[in-house]
Amino acid sequence: MDAEKEEYFKSFTIETISFDSMYDNVHVVHPTLSIQDKNLPRQMVKKYVSASTYNEANYIEECNKYSNFSVKLYYKYLNGDLVKQKSCYLLIEYCEKGSLSNYLSTKSLITTVFQFINLGKTFHIMHEHNLFHRDIKPDNIFITKGNIYKIGDFDVSRKTSLELTNTTTVKGTPNFLPKKYREILESQESLSPKTLAYIDIFAFGKTLIKCFIGNDYENFYLQGQDLLNKIEKNIIQNNVFNVDHINNHESLNRNIKEFSKFLIFLVNEDVNELTYNFGDVANWLKKWLVEFLKYQQDYFCYICSCSILGHDIIIPCSGNCNHCFHLECIKSYLDCDTQCNMCPLCDAEGDIKDIREFFISY
Ligand SMILES: [Zn+2]
Ligand SMILES: [Zn+2]
C-alpha cells in the first residue's frame, strides 16, 4: 500500500471501541468512498502489535488463504525499524457481533454444532499446514454481522515443522489447557506438533462445552459425570425440540447423551498418543448433526438461532429438505463457503445455485 493510503488510514482512525481491557487499543477506521480500493469494507479493526508479535499477520494471511472461516487480514503495516518497535498494526475484519463469549448459552444446539463444524474444518486445514492456533477459547471466536463464526486472534499461533519433534513451548489460557500443560505454561518446555494438535482439539472441546454450560466459575471445574449431566441438562433446558413424531423422548435423550459424551471425549485429560485429528472431529459432528436435525423445532434460522417467522425474506433450501435461513445469514455463509452447492446444514441438494444467482442480481 502506498504512502498516501497509509496517511489516509492514520487520519481516519476516528472511533475507539473497547472490547475489553486487552483490546482498548483497537479502533475502527472509516474509509470513505473516495478511497481507491473499493474492496476494503466500511469498517475494520485496527490492531496495534509490537514488532515481536507482528508474526501474527503471517498466520492470519496463511489461514485466510485456506479458509474464509478465519477473520480476514486486509492490510499490515510494519514500521521499518524493528528495534524501536513502534506503530506496527494490522487492519483486520471487523466482526460486528463481537466474540462468542457474549453468546454462551444463547444459541441453539444445532446452530452451535453447525458453526463449530465449519471451525473444526478450518482448524483441520491449519493443522495440515502445521499451523497451530494455541489459544482457542470463546474470546477468540468472532461472530460476523451475518452470524458466521470465525477464528481470530492469532497472537500466540505458531507454524511448526513436522520433521522437528520438539518445536515450541506452551502458550494459551490455563482454563482451556489440559491440566498437565497448565503447570508448564510460559516455561521453556518444548512440545511436539502432535501435542500442539491435542492442545488445540482439547481447547476446541472446552470452548464447545462452554457454549452449553456458560462461563461460570464453578462450571470451569466440573468433570466426568457431573460435567456430562450439566451439559445434558442445559441442552434440554435451552432448546425447543420437536418430539411429535416419536413415541417418547428416549431416542432424543439418547442422541443428546451421545453428543455430550463426545464433548467429554474431546476434553480427555489423559491422551498420550493422539489418534484423531480435527477432520475426524468435524466429521463426527456433521454426521451427528444430520441425524439429529429431525428433533429440532422448525421455523428458526439454523445459522443464527433466531425466528424466521414474520421476516420479510427467508431463503428456503428447497429441493430435498426444508431448512430455512435468513437472507443475511445464508449470504454470509455462501461468501465463506464458496464451494457450497447444497444445503449447508444437511447436505441435501437444493437450490443453492439459484440462491447464488439471486445474490448476484440482488
Ligand atoms: Zn439467521
Ligand atoms: Zn437441509
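User: What makes an atom a donor of the zinc ion (ligand 1) here?

Analyst: A donor is an N, O or S atom within 2.8 Å of the metal. In this predicted model, the protein atoms that fit are SG of Cys301, SG of Cys304, ND1 of His326 and SG of Cys329, at 2.1 to 2.4 Å from the zinc ion (ligand 1). Those distances are within the cut-off, so the four atoms count as donors.

User: And why is the arrangement around the zinc ion (ligand 1) called tetrahedral?

Analyst: Four donors get that name if all angles lie between 85 and 135 degrees. Here the 4 donor atoms subtend 94 to 117 degrees, so the label tetrahedral applies. For comparison, the ideal angle for four tetrahedral donors is 109.5 degrees.

User: What spacing do the donors follow along the chain?

Analyst: They run as C-x2-C-x21-H-x2-C. Two of these residues, His326 and Cys329, are buried.

User: How do you know that the length of helix α8 agrees with what it should span?

Analyst: Take 1.5 Å times one less than the number of residues. For the 17 residues of α8 (250-266) that gives 24 Å, and the end C-alpha atoms are 24 Å apart, so the two agree. α5 passes as well: its 21 residues should span 30 Å, and its ends are 30 Å apart.

User: What do the buried residues of α8 pack against?

Analyst: Their partners are α3, α5, α7 and α9. Among those buried residues are Leu252, Ile256, Phe259 and Leu263.

User: Why is α5 called mostly covered?

Analyst: Buried means under 20% relative accessible area, and 20 of the 21 residues in α5 are buried. Just after α5 comes Gly214, with a positive phi of about 80 degrees.

Notes:
Residues numbered from 1 in each chain as written. Chains lettered and ligands numbered in written order. Predicted model: local features only at pLDDT ≥ 70, side-chain atom pairs only at ≥ 80, totals over all residues. Heavy atoms only, no water. Donors = N, O, S within 2.8 Å, 3.2 Å for Na, K, Ca; no water. Tetrahedral: all angles 85-135°; square planar, octahedral: opposite > 155°, others 65-115°. Buried < 20%, exposed > 50% of the residue type's maximum accessible area, 1.4 Å probe, protein only. Helix = DSSP H or I, 4+ residues; strand = E, 2+ residues; numbered from the N terminus. Contact = heavy atoms within 4.5 Å.
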